[in-house]
Amino acid sequence: MVSIANPHSDLIHDTALDYYGKRLATCSSDKTIKIFDIEGGNQRLVDTLFGHEGPVWRVEWAHPKFGNTLASCSYDGKVLIWKEENGKWSQIAVHSTHTASVNSVKWAPHEYGALLLAGSSDGKVSIIEFEENGSLTPIVIDAHSIGVNSVCWAPAVVEEQNKSLKQLRRFVTGGADNLVKVWKYESNSKTYSLEESLEGHSDWVRDVAWSPSLLSQSYIASVSQDRTCVIWTQVNNDGPWKKTLLKSEKFSDVLWRASWSLSGNVLAISGGDNKVTLWKQNLSGSWDSAGEVQQ
């Protein structure tokens with residue numbers, strides 16, 4: 001285990017490991033991002049990135065096919081893209097379409113190219129495609145009337161239609177309107193349309209996480225200010241979404257984050273009680289506790 005003491009001068013809001021688990025990015029209310037080398041059980045500060053004008057909420061590594069690239073989002077309403085070249089980190093792009101805090105960013109599956117999804121308190125979601133010449137091509141859609149708290153891509157799926165292969169690009173959003181929404185790409189209009197609006201929470205949806213596993217069922221976990229976690233399932237990427245409460249009684253505090261294991265069969269939940277609990281589905285389809293992460 002690697003322990004990093006006091007990396008920031010204010011609250012830390014997010015941490016992210018790169019694809020190989022050798023680099024750690026952290027972000028904070030001190031408006032900075034820090035990159036650590038944690039290979040070999042040791043830790044070394046590689047760089048401190050300055051550029052945001054407000055608290056930095058999330059950091060997200062791109063797939064290594066795009067190099068050592070990092071996206072960050074902030075209360076200042078901006079998404080910044082950072083890249084390491086010749087051992088030095090620099091800011092290579094700014095996405096400033098949103099008019100309020102950008103609360104969540106997620107890179108798309110690498111099969112779709114360099115696509116970044118961002119959700120903002122202005123109620124909008126933007127999908128940013130990075131062209132080879134360095135320009136940004138954003139698609140902006142109205143997603144949640146009060147604000148978007150979290151976004152997440154579905155794993156890459158390719159379907160056969162009319163004897164040709166077609167990508168099924170989908171993502172999920174969680175909002176301050178208590179809703180979870182599923183969106184899909186329309187290749188004809190080259191935009192995204194609402195596939196389903198899911199009602200299951202009585203307060204703000206704080207986080208949404210789409211399971212990375214490619215099974216016969218799609219799994220989405222949503223956690224909320226209402227102290228519940230809902231598991232949404234859909235069979236064969238089609239038909240209605242089924243709602244299942246992770247557990248019948250409410251959690252002891254507000255739930256903030258949900259995260260699936262890489263295999264997609266274990267769900268980690270964190271909340272205001274400073275605990276991380278693990279959950280796994282049993283053969284009957286309900287969910288059992290799989291332990292608690294110990295510090």
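## Phe-251 and its neighbours

In this predicted model, Phe-251 counts as buried because its relative accessibility is 8%, which falls under the 20% cut-off. Trp-279 is buried as well, with a relative accessible area of 8%. The ring centres of Phe-251 and Trp-279 are 5.9 Å apart and their planes meet at 75 degrees, so this pair is edge-to-face.

Where do the two rings sit along the chain? Phe-251 belongs to the loop between strand E22 (242-245) and strand E23 (255-260), while Trp-279 is part of strand E25 (residues 276-281), so their pairing ties together parts that are 28 residues apart in sequence. Phe-251 has a charged companion too: Lys-247 lies over the face of its ring, at 4.2 Å from the ring centre.

## Other aromatic contacts

The count of aromatic pairs comes to 15. One of them joins Trp-107 and Phe-130, with centres 5.6 Å apart and planes at 40 degrees, so this pair is tilted. Trp-107 lies in strand E9 (residues 102-107) and Phe-130 in strand E11 (residues 124-130), so the contact ties together parts that are 23 residues apart in sequence. Both Trp-107 and Phe-130 are buried.

There is also a cluster to look for: ring pairs link Tyr-112, Trp-153, Phe-171, Trp-183, Tyr-185 and Tyr-192. Over the ring of Tyr-112 sits the charged end of Arg-169, 5.0 Å from the ring centre.

## Salt bridges

Turning to charged pairs, the structure holds 10 salt bridges. Arg-23 and Glu-84 form one of these, with the closest N and O atoms 3.3 Å apart. Arg-23 is in strand E2 (residues 23-28) and Glu-84 in strand E7 (residues 79-85), so the bridge ties together parts that are 61 residues apart in sequence. Arg-23 is buried at a relative accessible area of 16%, and Glu-84 is buried at 14%.

Arg-44 and Asp-37 meet in a salt bridge at 3.5 Å, N to O; here Arg-44 is partly exposed, at 48% relative accessibility. Another bridge connects Asp-207 with Arg-58, whose closest N and O atoms are 3.8 Å apart. This pair links distant parts of the chain, 149 residues apart, with Asp-207 in strand E19 (residues 205-210) and Arg-58 in strand E5 (residues 56-61). Asp-207 and Arg-58 are both buried, and they join Asp-14 and Arg-257 in a network of salt bridges.

## Annotated repeats

An unreviewed UniProt entry places the feature "repeat: WD" at residues 5-46, 49-92, 95-138, 171-193 and 198-232. Residues 5-46 are 0% helix and 50% strand, with end C-alpha atoms 15 Å apart. For residues 198-232, the end C-alpha atoms lie 9 Å apart and the span is 0% helix and 57% strand.

Methods
Residues are numbered from 1 along each chain as its sequence is written. This is a predicted model: local features need pLDDT of at least 70, side-chain atom pairs count only at pLDDT 80 or more; totals for chains, interfaces and linings use all residues. Side-chain values use heavy atoms; hydrogens and water are left out. UniProt positions are given in the numbering used here, feature names are shortened, and annotations may be inferred rather than shown by experiment. Helices (H or I, at least four residues) and strands (E, at least two) are DSSP runs, numbered from the N terminus. Rings of Phe, Tyr and Trp (its six-membered ring) pair if their centres lie within 6.5 Å; planes under 30 degrees apart count as stacked, over 60 as edge-to-face and the rest as tilted. Buried means under 20% relative accessible area, exposed over 50%, partly exposed in between (1.4 Å probe, protein chains only). A charge sits over a ring if NZ of Lys or CZ of Arg is within 6 Å of the ring centre and within 35 degrees of the ring normal. A salt bridge is a side-chain nitrogen of Lys or Arg within 4 Å of a carboxyl oxygen of Asp or Glu.
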